[in-house]
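Welcome! Here are some short exercises to work through with the structure open beside you. Try each task before you read its solution.

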Amino acid sequence: MRYETIIGFETHVELKTESKLFCDCAVRYEAPPNSEVCPVCTGQPGALPVLNRRAVEFSIKAGLALNCRVNPNAQFARKNYFYPDLPKGYQISQYERPFCEDGHLEIVGDDGQPYPVGIKRIHLEEDAGKLVHSAESYEAADYSLVDYNRACVPLLEIVTDHTRNPLRSLNEARRYLEKLRQILQYIEISDCVIEKGQFRCDVNISIRPEGAGDYGNRSEIKNMASFRYMMDALTYEVKRQRRLLASGKSPVQETRLFDEKKKITLPMRSKEDAPDYRYFPDPDLTEIHIDEAFVARVRDTMPELPDQKLDRIIDKYGIPRADALILTRDRAVSGFFEECALHCSEHRKIANWIIKDLFRLLNENALSIEACPFPPRDFADLINFVVQGEITDAIGRSVLEEMFQKGKAPRAIIAQKGIELIKDAGELEKICSEVIEEQTEAASQVRDGGTEPINFLIGQVMKKTKGRANPKKIREILQERLTT
């Protein structure tokens, strides 16, 4: 029997605000444990929350980027459950009236066609604290400590809609998460650094016979904070549920954990539904009214989104779509490229050198494009020197290495090392004559009509000039000497 896979995500994104959601404690990821806390974010009796306006703006911004309807009236609710790092014993979240609903995120489906994945809702809530175990895993720990610095940090939850264009495969699931993370970084509401817990998700997965109208029981895999582990967990869970169905059993609706070492999922608890959390409106927070003027002001701050930038860069600069996809993956990279393009008209060469050469240096040194040791103008100047024939591609790459190591401008490096191309035609002709006299056999083969030996002769000239000759000019001189 053939089966269909239905995958859903509840993605949690920590917003890039200066202060927490309901108090003025700073959001500092490197702060010592429990140094950024107050009576509000630690749930002390009598402490009252005050809503962070910036977090609301960021929520609306996400809704606009994901084609959602912005609700004119939103409300916070208390979500009741116990966990050691939840200081109040409940979480302030949203339930019946979130900020944004009924959106979509377009990805490329497995058939190669655009596929608008349904977004059910976007709501704002406070994050919990963080448990620090005395051993690598909770099971092996002798004790656990709680750091409340993260408690009350603004957390945006983006929930997919399993009834409206759900994700249907592992590849679509990964594309969705990558695209979602890219958009959130573009609109600058979160850095989405996975290692810091700023972008993590719960994965819901169910299997049903192909063509069935009803949905199967779903398993939820909690707290996936790595794309690789998420794919491993989904792979295992798809196989597990298919084995159950093939044996005539039905998967149980439950929450599961992923064992990263064994690459298997394990039961954690029965899956809660909304009634288990006993939601009710938070009495300490009033209803939020969002008028059109507020939404319009947020819309005015929206930057160019990834798909828009992709189309524009292809049209404006004439670079291949595959290169444009790489350049627009990160907003800072596309900005670097466009700044270079202001000073160099060889747009394809700029793109090629960024992707093949600059990325290699950045990766080897574990640096982002923002930390590049030289400005885009210097990179553009280097490409111009190569295009104009002042240096060869090979010399250009050695100059780039030194630019990266020392932060010097390319012109200064070229002048200091004396590596500009030999432009004196007489000198080049003299060196070509010397090579012809030294390599008589190869020269004779060229005179007899051979084409391959001329490349050997060009290489010998380049060796004598230490790479400071233009190979195209050398070829012209050798052909003129040996074929006339």
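**Exercise 1: The cavities**

The largest cavity in this predicted model has a volume of about 40 Å³.

Task: Find which elements give two or more residues to the lining of the largest cavity.

Solution. Start with the residues themselves: Leu177, Phe199, Arg200, Cys201, Met224, Ala225, Ser226, Phe227 and Met230 line this cavity. Next, assign them to elements: E11 and H3 are those that give two or more residues to the lining. Of the two, E11 supplies the largest share, with 3 residues. Finally, sort the lining by class: 7 residues are nonpolar, 1 is polar and 1 is charged.

Task: Work out how many charged residues the lining of the second largest cavity has.

Solution. The second largest cavity has a volume of about 30 Å³. Look along its lining, which includes Lys88, Glu126 and Asp127. Lys, Glu and Asp count as charged, and the full division is 7 nonpolar, no polar and 3 charged residues.

**Exercise 2: Strand E12 and its partners**

Task: Say in which sense, parallel or antiparallel, E12 runs with E11 and with E13.

Solution. First locate E12 at residues 219-224; 5 of its 6 residues are buried. Now take strand E11 (residues 199-209): 4 bridges join E11 to E12, and the two run antiparallel. Here asparagine 204 stands opposite glutamate 220. Then turn to strand E13 (residues 254-259), which pairs with E12 in the parallel sense over 3 bridges. Glutamate 220 appears again, this time opposite threonine 255 in E13. To get from E12 to E13 the chain passes through helix H3 (residues 227-246), and this β-α-β crossover is left-handed.

**Exercise 3: Aromatic pairs**

Task: The structure holds 12 aromatic pairs. Classify the pair of phenylalanine 9 and tyrosine 176 as stacked or tilted, then do likewise for tyrosine 229 and phenylalanine 258.

Solution. Begin with phenylalanine 9 and tyrosine 176: their centres are 5.7 Å apart and the angle between the planes is 10°, a stacked pair. Phenylalanine 9 belongs to strand E1 and tyrosine 176 to helix H2, so the pair ties together parts 167 residues apart in sequence. Both phenylalanine 9 and tyrosine 176 are buried.

For tyrosine 229 and phenylalanine 258, the centres lie 6.1 Å apart and the planes stand at 50°, so this pair is tilted. The pair links helix H3, home of tyrosine 229, with strand E13, home of phenylalanine 258, across 29 residues. Phenylalanine 258 counts as buried because its relative accessibility is 13%, and buried means under 20%.

Note on methods. Residues are numbered from 1 along each chain as its sequence is written. This is a predicted model: local features need pLDDT of at least 70, side-chain atom pairs count only at pLDDT 80 or more; totals for chains, interfaces and linings use all residues. Side-chain values use heavy atoms; hydrogens and water are left out. Buried means under 20% relative accessible area, exposed over 50%, partly exposed in between (1.4 Å probe, protein chains only). Two strands pair if DSSP finds at least two bridges between them. A crossover is right-handed if, with the strands pointing away from the viewer, the path from the first strand over the helix to the second runs clockwise. On a 1 Å grid over the protein atoms alone, a cavity is a set of points where a 1.4 Å probe fits but cannot get out, and a pocket is an open set with protein on both sides within 12 Å along at least five of seven lines; lining residues have an atom within 4 Å of a point. Grid points are joined across faces, edges and corners, and a volume is the space filled by probe spheres set on the points. Rings of Phe, Tyr and Trp (its six-membered ring) pair if their centres lie within 6.5 Å; planes under 30 degrees apart count as stacked, over 60 as edge-to-face and the rest as tilted.
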